[in-house]
Amino acid sequence: MSLLDILTFPDTFLKKTARPVEQIDGELQAIIDRMSDTMYQAPGVGLAAVQVGLDKSLLVYDVADKEDGRDLHVLINPRILAQEGQILSENEGCLSVPDFRADVTRSANILVEGVDRDGKPLRFEAEGFMAIVLQHEIDHLNGTLFIDRISALKRQLYTRRVKKYLKHQGE
Ligand SMILES: [Zn+2]
């Protein structure tokens with residue numbers, strides 16, 4: 001199975017709002033498999049379709065402890081219906097924002113709905129790390145990166161570093 005390339009900042013595709021998935025078929029299942037392989041290989045705890053250049057409202061995640069083995073979840077057309085409380089997501093990172101981490105304030109509890117890989121409707125509450133991961137991945141489907149949720153000063157530090165790097169790459 002071939003892995004997918006993960007787009008990185010400042011790729012403008014990452015600013016895209018993903019289009020809702022209208023049909024769950026074999027083609028989509030194959031994409032889901034490639035996305036989860038790509039996530040595990042990276043390795044990451046979540047991956048949104050936008051990150052691999054696909055304009056689809058779809059994400060995969062696995063927040064299980066490594067010792068417990070894999071626990072893959074697929075969420076199609078996810079929506080946060082309600083959120084409450086605050087939690088500090090310490091040292092948050094992103095496969096699309098390499099070599100940078102920052103604290104992000106997230107909602108502590110969320111109510112999410114969507115459908116699974118077989119089209120079965122899902123509605124569940126998430127808290128703690130799982131809530132953080134879901135908010136991060138659903139943000140991707142709305143064109144938002146975690147660096148959009150930190151102070152402008154911290155974001156500048158990162159964007160300057162990336163620009164400098166890309167400039168050197170071009171030399
Ligand atoms: Zn991310």
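**From Asn 77 to the nonpolar core**

Asn 77 is partly exposed, because 19 other C-beta atoms lie within 10 Å of its own. By the criterion used here, with C-beta atoms placed from the backbone, a residue is buried if 20 or more other C-beta atoms lie within 10 Å of its own, exposed if 12 or fewer, and partly exposed in between. The model is predicted: local features need pLDDT of at least 70, side-chain atom pairs count only at pLDDT 80 or more, and totals for chains, interfaces and linings use all residues. Residue numbers start from 1 along each chain as its sequence is written. Asn 77 is placed in strand 3, and its phi is positive, about 50°, although the residue is not a glycine. Asn 91, in strand 4 (residues 87-94), is another residue other than glycine with a positive phi, near 55°. Asn 91 counts as exposed, because it has 9 C-beta neighbours inside 10 Å.

The chain as a whole contains 3 helices and 7 strands, where helices (H or I, at least four residues) and strands (E, at least two) are DSSP runs numbered from the N terminus. Read from the N terminus, the order of elements is α-β-β-β-β-β-β-β-α-α. The chain has a radius of gyration of 16 Å, close to the 16 Å that the globule rule gives for 171 residues, so it is as compact as a globular protein of that length. That radius is taken over C-alpha atoms, and the rule is 2.2 Å times the number of residues to the power 0.38. Along the principal axes, the C-alpha atoms fill a box of roughly 50 × 40 × 35 Å. Buried residues make up 30% of the 171 residues of the chain. Of the contacts between residues at least 6 apart in sequence, 63% join residues at least 24 apart; a contact requires C-beta atoms, placed from the backbone, that lie within 7 Å.

Two cis peptide bonds may be located before the helices are considered. In the segment before helix 1 stands Pro 10, joined to Phe 9 by a cis bond with omega about 5°. Pro 43 belongs to the loop between helix 1 and strand 1, and the bond from Ala 42 to Pro 43 is cis, with omega near -10°.

Helix 1 comprises 16 residues (26-41) and spans 22 Å from first C-alpha to last, close to the 22 Å expected at 1.5 Å a residue; the expected span is 1.5 Å times one less than the number of residues. Its buried residues are Leu 28, Ile 32, Met 35, Ser 36, Thr 38 and Met 39. They cover an arc of only 160° around the axis, which puts them on the same side of helix 1, the arc being that of the directions from the helix axis to the C-beta atoms. This side packs against strand 1 (46-48), strand 2 (58-61) and strand 3 (73-84). The face turned away from it carries the exposed residues Gly 26, Glu 27, Ala 30 and Gln 41.

Met 35 links helix 1 to what lies beneath its buried face. Met 35 is buried, because 23 other C-beta atoms lie within 10 Å. Beyond its neighbours within four places in sequence, Met 35 contacts Leu 4, Leu 47, Ala 49, Val 52 and Val 60. Although Val 60 is 25 residues away from Met 35 in sequence, their C-alpha atoms are 7.2 Å apart.

From Val 60 the path continues into the strands, since its bridge partner in strand 3 is Val 74. Strand 2 and strand 3 are antiparallel and share 4 bridges; pairing requires at least two DSSP bridges between the strands. Strand 3 is also joined by 6 bridges to strand 6 (residues 109-115), again antiparallel, and there Glu 84 is partnered by Asn 109.

The largest nonpolar core holds 35 residues, and those with the most contacts inside it are Met 35, Leu 47, Ala 49, Val 50, Leu 59, Val 60 and Leu 134. Such a core is a set of buried Ala, Val, Leu, Ile, Met, Phe, Trp, Tyr and Cys residues joined through C-beta atoms within 7 Å. Two or more residues come from each of helix 1, strand 1, strand 2, strand 3, strand 5 (97-106), strand 6 and helix 2 (128-141). Helix 2 gives the largest share, 6 residues. In helix 2, 11 of the 14 residues are buried, so it is largely enclosed by the rest of the structure. Just after helix 2, Gly 143 adopts a positive phi of about 75°.

How values were computed:
Contact = placed C-beta atoms within 7 Å.
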